[in-house]
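I opened my notebook to get to know a structure that is new to me. Come along as I look things up, one entry at a time.

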Amino acid sequence: MSNGANRQRVQAGGILFLLFLANLLNFFDRTIPAIITEPLRKEYGLSDLQLGLVSAAFTLVYAIAGLPLGGLADTGARRKVLGWGLVVWSAFTGLNALAWSYASFFLMRLGVGVGEASYAPAASSLISDLYPANRRARATGIYMLGLPAGLVLAFFTVGGMVSAFGSWRAPFLIAAVPGMVLALFMFLIREPERGASEVARVSRQPIEQPIRTLLRTRTLIWLTLSGVTLNFASYAGNSFLVPLLQRYFGLPLVRAAVVTGFITGVTGLVGLTLGGWIADRMHARSERGRLLFGAVSLLAGALGTGLALLSGRVSVPLFAMCFGLGWLGVYNFYTTVYPAIHDVVDPRLRARAVALVFAGIYVLGGALGPAVVGGLSDAFTLAAMREAGAGEVTEAFKAVGLHSAMFLVPVMLLFTSLFIYLASRSFVADARRTREGLAHEAEGAWEVRKAA
């Protein structure tokens with residue numbers, strides 16, 4: 001390997017490491033409210049629907065703000081989009097500690113959502129330019145390791161911070177500091193050219209009607225639908241697993257957070273590392289292989305989480321093992337679907353494609369998941385109270401209500417598996433069309449230069 005190739009690989013690895021760290025902070029910061037749910041609920045006298053709406057509003061703003069920021073990442077300096085995004089979301093995370101009411105806490109989370117919306121489109125676009133198609137799943141897997149790593153760090157430490165400082169506000173202040181520091185490094189990234197990892201040279205001419213072009217790609221539609229149902233399940237799960245373990249199994253906050261960390265975090269460290277390698281191997285054998293692997297993984301996710309909920313109060317370890325094995329399958333969504341998006345989209349549209357997909361999956365999935373499950377939890381709580389002939393809501397009824405509402409998680413994972421399978425049926429034709437379009441454009445540009 002030449003010195004130039006070595007330097008290029010080292011540079012790509014360094015940038016990927018920074019993106020991983022930022023993604024870790026991204027998910028650490030957005031997970032804090034899910035851990036301090038019960039102290040927050042009791043301080044402000046909130047219902048599960050109100051708790052779900054905090055996550056829903058954050059996700060809604062995250063999705064909407066991502067569209068213009070995705071366009072900016074396609075046309076401007078991605079390092080600046082990443083750096084300023086980190087500054088904004090870290091600042092608002094710190095300001096969450098100063099909330100004096102439910103409404104003020106709610107508004108601060110909206111600010112965090114705007115900042116974090118800048119991140120995924122720009123980061124995904126950079127990865128696709130740093131790594132060719134046959135290495136993208138592994139690179140995406142490393143980048144997405146920030147998700148479970150952030151969850152593990154949050155679930156293993158935030159409960160301890162609350163206990164040590166005697167307040168749910170402390171973790172927000174502590175979390176703001178590393179983001180500000182990391183933002184400085186983001187501004188120093190040396191960006192590759194757009195399309196640098198493609199076989200054909202990518203034209204710098206902008207594409208007319210970019211959104212319409214994206215919406216004509218059938219695979220992208222199916223992948224977006226799979227993301228809607230996946231985010232519905234994952235955001236509902238991450239938002240309510242800690243309170244479920246506290247109410248239904250009677251665990252204290254710190255232990256409930258640690259168990260959730262194993263269920264949703266440690267499984268991801270394994271799933272993304274191993275899943276990325278398997279996904280690339282499957283892609284090498286068959287163009288559809290990567291997505292078929294994703295479909296099977298999400299089917300396993302539906303079965304595992306469903307069995308965990310059906311096991312009832314028999315055993316916390318049994319519940320954690322089944323739910324964790326299911327969540328292991330969930331993480332293969334990222335190593336199979338995200339690379340597939342880049343394979344069927346022109347490099348000049350990749351950040352906007354990610355932003356468009358994210359707008360759909362976060363508005364219809366990430367935002368609705370916690371809100372719908374929270375609302376159903378309240379409704380099932382009242383139903384349990386009436387069935388028992390009681391006159392007031394108790395913590396026991398809240399436990400039953402939340403447990404019943406959580407059955408939506410495996411149902412949505414089952415739909416995710418179906419949509420990924422449907423995407424695999426159109427993927428080969430859409431990916432080939434994208435490659436041929438790039439080759440044709442490159443050939444045309446060469447003819448123009450030769451004639452000149």
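**Entry 1: a phenylalanine at the surface**

I began with phenylalanine 185, which is partly exposed because its relative accessible area is 46%. I kept in mind that I am looking at a predicted model. Next I looked up where phenylalanine 185 sits, and I found it in helix α9, which covers residues 170–186.

Which residues make a nonpolar surface patch of about 390 Å²? I noted Val177, Val181, Leu184 and Phe185 as its members.

**Entry 2: a phenylalanine inside**

For contrast I turned to phenylalanine 333, which belongs to helix α15 (residues 332–343). Its relative accessibility is 2%, so I put phenylalanine 333 down as buried. I also checked phenylalanine 333 against phenylalanine 293: the two are 40 residues apart in sequence, and their C-alpha atoms are 9.2 Å apart in space.

**Entry 3: cavities**

How many cavities of 30 Å³ or more does the structure hold? I wrote down three. The largest cavity has about 490 Å³ of space. It is lined by 36 residues, and those closest to its centre are Arg30, Ser55, Tyr235, Asn238 and Ser239.

I then sorted the lining of the largest cavity by kind: 23 residues are nonpolar, 11 are polar and two are charged. Helix α1 (residues 3–35) supplies the largest share of that lining, with seven residues.

**Entry 4: salt bridges**

A reminder to myself: side chains of opposite charge can pair when their charged atoms come close. I looked up the count here and got five salt bridges.

My first pair was arginine 247 with glutamate 38, whose closest N and O atoms are 3.3 Å apart. This pair links distant parts of the chain, 209 residues apart, with arginine 247 in helix α11 (residues 218–248) and glutamate 38 in helix α2 (residues 37–44). Are these two residues buried or exposed? I found arginine 247 buried, and glutamate 38 as well.

Then I looked at glutamate 43 and arginine 169, whose side chains meet in a salt bridge at 3.4 Å, N to O. Glutamate 43 is in helix α2 and arginine 169 is in the loop between α8 (146–165) and α9, so this salt bridge ties together parts that are 126 residues apart in sequence. I noted glutamate 43 as partly exposed because its relative accessibility is 42%. Arginine 169 is also partly exposed, at 22%.

**Entry 5: back to arginine 247**

I came back to arginine 247, since its side chain also meets that of aspartate 48 in a salt bridge, 2.7 Å from N to O. Aspartate 48 lies in helix α3 (residues 48–75) and arginine 247 in helix α11, so the pair ties together parts that are 199 residues apart in sequence.

Why does arginine 247 count as buried? I found the reason in its relative accessibility, which is 11%, and buried means under 20%. Aspartate 48 counts as buried too, at 0%.

Which residues are linked in a network of salt bridges? I listed Glu38, Arg41, Asp48, Arg247 and Glu395. My page on arginine 247 thus ends with its two partners from these entries, glutamate 38 and aspartate 48.

Conventions. Residues numbered from 1 in each chain as written. Predicted model: local features only at pLDDT ≥ 70, side-chain atom pairs only at ≥ 80, totals over all residues. Heavy atoms only, no water. Patch = residues over 30% accessible without salt bridge, like charges linked within 9 Å, V, L, I, M, F, W, Y side chains within 5 Å. Areas by Shrake-Rupley, 256 points an atom, 1.4 Å probe, with all protein chains shown as cover. Salt bridge = Lys/Arg side-chain N within 4 Å of Asp/Glu carboxyl O. Helix = DSSP H or I, 4+ residues; strand = E, 2+ residues; numbered from the N terminus. Buried < 20%, exposed > 50% of the residue type's maximum accessible area, 1.4 Å probe, protein only. 1 Å grid on protein atoms, 1.4 Å probe; cavity = no way out; pocket = protein on both sides within 12 Å on 5 of 7 lines; lining within 4 Å. Points joined across faces, edges and corners; volume = space filled by probe spheres on them. Nonpolar A, V, L, I, M, F, W, Y, C, P; charged D, E, K, R; others polar.
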